[in-house]
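The following exercises are to be worked with the sequence and the structure in view. Each task is followed by a solution in steps.

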Amino acid sequence: MEISLIRHGKSLLTENDKITSLEFKKWVEKYDYNGVFEESTYPSTTLEKIATANVVITSDLNRAVESARLLNPVTEIITDPLFRETELPSNASQLFNVKLKPSIWAIVLRILWFSGYSNECESLNQAKFRANKASQQLIDYANEYKSVALVGHGFFNMLIAKELRKKGWKGTRKRDAKHWNCMSFSLFN
């Protein structure tokens, strides 16, 4: 049995102007709505894993669904919101209207989230609970289909990977690029 975790492709949203935290919340909504760039080539390991999977699962966000379709246009996809990316907290104080690039806001808010701040989003503990549930769902699919590929998101895939390891699955990571990278897990008793 094998479970492959694949990160979605690069978002079509390329806006990178400095924005306030309130504007960042709207930027994230656009990021979630947009799809991904079609690349001229994809990592060979990622293509192999999605081509040989007997079932392909994605989150219900466009960037995951479109990534799966780009990697294998003929495969059937099961979409499930369980596999969505972990959210970033909102900043109620607006940080005095400080303006930062979206990538910097993402880092600042992710650090705050890892530190326990989860205003208007699931907490790290809630995300770990959801990752445990998601890992079990993937194991159930692997028991039924033998080979499973999830096209998901960076942080949530990382949390799922930790849960799979806790459950006895051994993983290898092939990092060909920031996007499209793949981790594969097998169960060894």
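A residue counts as buried when its relative accessible area is under 20%, as exposed when that area is over 50%, and as partly exposed in between. The model to which this is applied here is predicted.

**Exercise 1. Classify Cys182 and Cys121 as buried or exposed, and state how many disulfides the structure holds.**

Solution. Step 1: Cys182 has a relative accessible area of 2%, and therefore is buried. Step 2: Cys121, at 12% relative accessibility, also counts as buried. Step 3: the number of disulfides in the structure is 0.

**Exercise 2. Determine how strand S4 is placed, and which strands pair with S4.**

Solution. Step 1: S4 covers residues 147–152, and 6 of its 6 residues are buried, so the strand is largely enclosed by the rest of the structure. Step 2: one side carries Ser147, Ala149 and Val151, the other Val148, Leu150 and Gly152, and both faces are covered. Step 3: strand S1 (residues 2–7) runs parallel to S4 and is joined to it by 6 bridges; Ser4 stands opposite Ala149. Step 4: strand S2 (residues 55–58) also pairs with S4 in the parallel sense, over 4 bridges, and Thr58 has Val151 as its bridge partner.

**Exercise 3. Check the length of helix H6 against the expected span.**

Solution. Step 1: H6 comprises 13 residues (154–166), which at 1.5 Å a residue should span 18 Å. Step 2: the C-alpha atoms at the ends of H6 are 19 Å apart, in agreement with that value. Step 3: the buried residues of H6 include Phe156, Ile160 and Leu164. An α-helix has 3.6 residues a turn, so residues three or four places apart point the same way. Step 4: after H6 comes Gly168, with a positive phi near 95 degrees.

**Exercise 4. Identify which parts of the chain are tied together by the salt bridges of Lys49 and Glu120.**

Solution. Step 1: the whole structure contains 7 salt bridges. Step 2: one of them joins Lys49 and Glu2, at 2.8 Å from N to O. Lys49 belongs to helix H2 (residues 44–52) and Glu2 to strand S1, so this pair links parts 47 residues apart in sequence. Both Lys49 and Glu2 are buried. Step 3: Glu120 forms a salt bridge with Lys25, the closest N and O atoms being 2.8 Å apart. Glu120 lies in the loop between helices H4 and H5, and Lys25 in helix H1, so parts 95 residues apart in sequence are tied together. Step 4: Glu120 is exposed, because its relative accessible area is 55%, whereas Lys25, at 37%, is partly exposed.

Key: Residues numbered from 1 in each chain as written. Predicted model: local features only at pLDDT ≥ 70, side-chain atom pairs only at ≥ 80, totals over all residues. Heavy atoms only, no water. Helix = DSSP H or I, 4+ residues; strand = E, 2+ residues; numbered from the N terminus. Expected span 1.5 Å × (residues − 1). Buried < 20%, exposed > 50% of the residue type's maximum accessible area, 1.4 Å probe, protein only. Disulfide = S-S within 2.5 Å. Pairing = 2+ DSSP bridges. Salt bridge = Lys/Arg side-chain N within 4 Å of Asp/Glu carboxyl O.
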